[in-house]
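I opened my notebook to get to know a new chain. Here is what I looked up, entry by entry.

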Amino acid sequence: MLNKVHALLVENTPLALSKPLQLIPFSLKQRIMEQLLQTQFERSLADGDLDFLENRWLKIEVRDLQLVWFISNINNKLVVSRAEIPDVSFSGNTNDLVLVATRRQDPDTLFFQRKLIVEGDTELGLCVKNLMDSIDLDSMPKYIRLGLENLANFIEKGKQNSF
């Protein structure tokens, strides 16, 4: 019984969270995202590893949460916007994106299953994917890493219980 509840939570929580998340002002979400991105990619920015994103827009869409961000490297700073014309777009559902972020799921597998959709500039998309693959999870701030890992464990167990 608890396994079924767990599976239902994993499956339905993103949809339940989507409405309350729409009530949070974009400016607050923007500030949080920019701070997280600056913290995570500070060294990459300094090393020029994000130059490929200079004045180009990456669209990230979390479909089931109805969240969309546009991210660019402007003047060596990661900037988040509400609406831009994207050069490349990545979209997926919460659970799949968390599993990709924690390396529990291969993005190529999700791409071929049509769970991760990449559109636009293929070369830029590969640069983004390679950057994500190069992130050392241990270099993340501890509260983010542990939060993601715990969430990924919860999602994996819930998906196992749904079979």
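**Entry 1: two helices in contact**

Which residues in H1 meet which residues in H6? A reminder to myself before I answer: this is a predicted model. On the H1 side I listed Asn-3, His-6, Ala-7, Leu-9 and Val-10. Their partners in H6 are Phe-154, Ile-155, Lys-157, Gly-158, Lys-159 and Asn-161. I sorted the residues of this contact by kind and got five nonpolar, four polar and two charged.

Next I looked at how the two helices lie. H1 covers residues 2–22 and H6 covers residues 142–161, and their axes are 8 Å apart. The packing angle is about 120°, which makes H1 oblique to H6. I noted the crossing of H1 and H6 as left-handed.

**Entry 2: one residue of H1**

I picked Leu-9, which is found in helix H1. Is Leu-9 buried, partly exposed or exposed? Its relative accessible area is 43%, so Leu-9 is partly exposed. Not counting residues up to four places away in sequence, I found Leu-9 touching Pro-14 and Phe-154. Phe-154 is also one of the H6 residues in the contact of Entry 1.

I then checked a distance along the chain. Leu-9 and Trp-57 are 48 residues apart in sequence, and their C-alpha atoms are 34 Å apart in space.

**Entry 3: helix H3 and its surroundings**

Which residues of helix H3 are buried? H3 spans residues 94–101, and its buried residues are Thr-94, Asn-95, Asp-96, Val-98 and Leu-99. I followed them outward and found that they pack against H1, strand S1 (58–62), strand S4 (88–92), helix H4 (107–112) and H6.

I gave H6 a separate look here. The axes of H3 and H6 come within 9 Å and cross at roughly 125°, which makes H3 oblique to H6. This crossing is left-handed. In H3, the residues that meet H6 are Asn-95, Asp-96, Val-98 and Leu-99. In H6, they meet Leu-148, Leu-151, Ala-152, Ile-155, Glu-156 and Lys-159. By kind, the residues of the contact of H3 with H6 are six nonpolar, one polar and three charged.

Ile-155 and Lys-159 caught my eye, as they are on the H6 list for H3 and on the H6 list for H1.

**Entry 4: a residue of strand S1**

I moved on to Leu-58, which lies in strand S1. Its relative accessibility is 7%, so Leu-58 counts as buried. What is Leu-58 in contact with, leaving aside its neighbours within four places in sequence? I wrote down Leu-53, Trp-69, Phe-70, Ile-71, Val-88, Phe-90 and Val-128.

For a distance, I took Glu-34. Leu-58 and Glu-34 are 24 residues apart in sequence and 14 Å apart in space, C-alpha to C-alpha.

**Entry 5: backbone angles**

A reminder for this entry: most residues other than glycine have a negative phi. I went looking for positive values.

Asn-55 is not a glycine, yet it has a positive phi of about 55°. Where is Asn-55 placed? I found it in the loop between helix H2 (26–47) and S1. With 53% relative accessibility, Asn-55 counts as exposed.

Gln-66 is another residue other than glycine with a positive phi, near 55°. Gln-66 lies in the loop between S1 and strand S2 (67–74). Its relative accessible area is 40%, so Gln-66 is partly exposed.

I also noted Arg-103, which follows H3 and has a positive phi near 60°.

**Entry 6: the chain as a whole**

To finish, I stepped back. How many helices and strands does the chain have? I counted six helices and five strands. From the N terminus on, the elements run α-α-β-β-β-β-α-α-β-α-α. The radius of gyration is 16 Å, close to the 15 Å that the globule rule gives for 163 residues, so the chain is as compact as a globular protein of that length.

The C-alpha atoms fill a box of roughly 55 × 30 × 30 Å along the principal axes. Of the 163 residues, 37% count as buried. I last looked at contacts between residues at least 6 apart in sequence, and 70% of these join residues at least 24 apart.

Conventions: Residues numbered from 1 in each chain as written. Predicted model: local features only at pLDDT ≥ 70, side-chain atom pairs only at ≥ 80, totals over all residues. Heavy atoms only, no water. Axes fitted to C-alpha atoms, helices over the stretch in contact; angles between N-to-C directions. Helix = DSSP H or I, 4+ residues; strand = E, 2+ residues; numbered from the N terminus. Parallel < 35°, antiparallel > 145°, perpendicular 65-115°, else oblique. Left-handed = near helix turned anticlockwise from the far one by under 90°. Contact = heavy atoms within 4.5 Å. Nonpolar A, V, L, I, M, F, W, Y, C, P; charged D, E, K, R; others polar. Buried < 20%, exposed > 50% of the residue type's maximum accessible area, 1.4 Å probe, protein only. Rg over C-alpha atoms; globule rule 2.2 N^0.38 Å.
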